[in-house]
Amino acid sequence: MFNVSEDIYYIGVDDTDIDLFEGQYTVPNGVSYNSYACIDKKIAVFDTVDKRKTDEWLKHLDEVLNGAKPDYLIVSHVEPDHAASIPAFLKKYPSATVVGNEKTFLMIKRFHGDLTAEKLVVKEGDELDLGKHKITYILAPMVHWPEVMMSYDKTDKVLFSADAFGKFGALSHEEDWLDEARRYYINIVGKYGVPVQNVLKKAASLDIKTICPLHGPVLKDNLKYYLAKYDTWSSYTPEYDGVLIAYASVYGNTAAAAEKLAQELKKRKVKTELTDLCRCNSAQAVASAFKYSKLVIASITYDGGIMPCAEAFINKLKAKNFNSRTVGFIQNGSWAPCSAKTMRSYLESCKSLTFCNVTVTVNSALNDETEKQISAMSDELANQ
């Protein structure tokens with residue numbers, strides 16, 4: 001626990017035992033479930049935590065309440081990692097009023113049934129008077145669920161941002177914000193760029209001094225940096241002019257072609273990153289694909305198609321609205337190489353993709369002709 005401001009407390013908890021977030025994203029450094037309390041004439045609690053940590057969270061809340069009782073529970077997001085402890089909270093504090101929008105209560109009912117507590121249904125711009133602190137609401141549908149809303153404390157200029165500006169990683173583990181925030185954003189929120197842009201426009205009218213997300217650290221310094229990153233990610237603008245080479249290889253020959261392409265690009269002063277789709281963290285690979293302006297996917301021809309890990313990678317890109325990049329292909333096949341055609345067909349539904357004129361074809365292993373093709377692809381990528 002710690003003070004966000006004189007009257008606002010962080011009362012969240014770390015989960016360092018969890019292995020998969022949302023059942024699919026590896027979190028080697030855990031995750032935090034963030035919750036906050038504003039202690040005023042009226043006391044407001046902002047969100048609960050995952051049921052894995054209910055008891056620890058209630059203990060933190062008790063400590064900051066110091067014998068008082070909360071008047072309001074403001075629900076930003078009904079996903080269970082933030083709302084699963086609502087029943088336990090209401091059992092302990094039955095007089096508290098639950099605050100949310102219409103969709104909030106529809107979704108709470110689906111998870112927890114009818115609440116016996118008093119409900120306060122709010123709309124965009126409504127104000128909750130706690131005494132010194134005045135809380136207003138900003139609806140943020142599809143960032144990344146339809147009921148999401150943010151809250152803004154006019155007094156301390158704090159934005160309670162729901163899942164926006166969050167990251168993987170427990171707060172007890174010190175690490176740079178960017179990589180795990182990018183991996184979190186692209187994989188959790190990435191599909192919903194337009195709704196994020198809409199919320200950023202609303203936020204631009206606010207005087208924000210602190211951002212309190214539902215995962216990751218409280219953000220106070222250099223807020224323009226974090227806002228700019230979200231603007232970049234949600235507008236699908238590449239962060240770097242460079243190339244991610246993502247390869248799926250069986251006997252090492254496709255990997256050799258990918259590595260040769262990386263060498264040639266580096267000779268041409270092109271920023272380059274390699275990832276082995278058979279072994280990498282798939283969520284990290286997807287995040288890296290959005291990081292760069294160009295992508296090359298290399299796969300053997302497998303059962304007349306492509307390697308399953310390459311297919312899964314492409315499907316994840318499509319699911320996260322991959323667009324506005326240049327894409328090239330390296331294919332390998334001992335008798336009927338056709339993986340490039342398959343990969344391109346999978347991606348043709350994505351918006352604003354430019355496909356390289358040069359396709360590299362490996363017939364089993366690298367040879368002089370393959371290396372000429374790699375050189376030509378390197379020239380094309382470097383000169384775009």
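Modeller: A residue counts as exposed when its relative accessible area is over 50%, and as buried when that area is under 20%; the structure discussed here is a predicted model.

Colleague: Why is aspartate 19 called exposed?

Modeller: Its relative accessibility is 58%, and the cut-off for exposed is over 50%, so aspartate 19 counts as exposed. Aspartate 19 is found in the loop between β3 (13–15) and β4 (20–21), and, leaving aside its neighbours within four places in sequence, it is in contact with Tyr25, Thr26 and Val27.

Colleague: How do you know whether tyrosine 10 and tyrosine 36 are buried or exposed?

Modeller: Tyrosine 10 has a relative accessible area of 4% and tyrosine 36 has a relative accessibility of 1%; since buried means under 20%, both values lead to the term buried.

Colleague: The whole structure holds 23 aromatic pairs; what makes the pair of tyrosine 10 and tyrosine 36 edge-to-face?

Modeller: The ring centres are 5.6 Å apart, which falls within the 6.5 Å required of a pair, and the planes stand at 75°, which is over 60, so the pair is edge-to-face. Tyrosine 10 belongs to strand β2 (residues 8–10) and tyrosine 36 to strand β7 (residues 36–38), so the pair ties together parts that are 26 residues apart in sequence.

Colleague: Why, then, is the pair of phenylalanine 89 and tyrosine 93 called tilted?

Modeller: Here the centres lie 5.4 Å apart and the planes are at 50°, an angle that is neither under 30 degrees nor over 60, so the pair is tilted. Phenylalanine 89 and tyrosine 93 are both buried.

Colleague: What makes lysine 271 count as lying over the face of tyrosine 240?

Modeller: Lysine 271 lies at 5.1 Å from the ring centre of tyrosine 240, and this distance is within the 6 Å that the term requires.

Colleague: How do you know that the buried residues of α10 are on the same side of the helix?

Modeller: The buried residues of α10 are Ala310, Phe313, Ile314 and Leu317. They cover an arc of only 95° around the axis, which puts them on the same side of α10. What covers these residues includes β17 (240–248), α9 (282–291) and β19 (292–302).

Colleague: Which contacts does phenylalanine 313 make, and where does it stand in the largest nonpolar core?

Modeller: Beyond its neighbours within four places in sequence, phenylalanine 313 is in contact with residues including Leu244, Ala246, Leu277 and Ala285. Of the 94 residues in the largest nonpolar core, Phe313 is among the five that touch the most other members, together with Trp57, Leu61, Phe89 and Leu347.

Technical notes:
Residues are numbered from 1 along each chain as its sequence is written. This is a predicted model: local features need pLDDT of at least 70, side-chain atom pairs count only at pLDDT 80 or more; totals for chains, interfaces and linings use all residues. Side-chain values use heavy atoms; hydrogens and water are left out. Buried means under 20% relative accessible area, exposed over 50%, partly exposed in between (1.4 Å probe, protein chains only). Helices (H or I, at least four residues) and strands (E, at least two) are DSSP runs, numbered from the N terminus. The arc is that of the directions from the helix axis to the C-beta atoms. Contact means heavy atoms within 4.5 Å. A nonpolar core is a set of buried Ala, Val, Leu, Ile, Met, Phe, Trp, Tyr and Cys residues joined through side-chain atoms within 4.5 Å. Rings of Phe, Tyr and Trp (its six-membered ring) pair if their centres lie within 6.5 Å; planes under 30 degrees apart count as stacked, over 60 as edge-to-face and the rest as tilted. A charge sits over a ring if NZ of Lys or CZ of Arg is within 6 Å of the ring centre and within 35 degrees of the ring normal.
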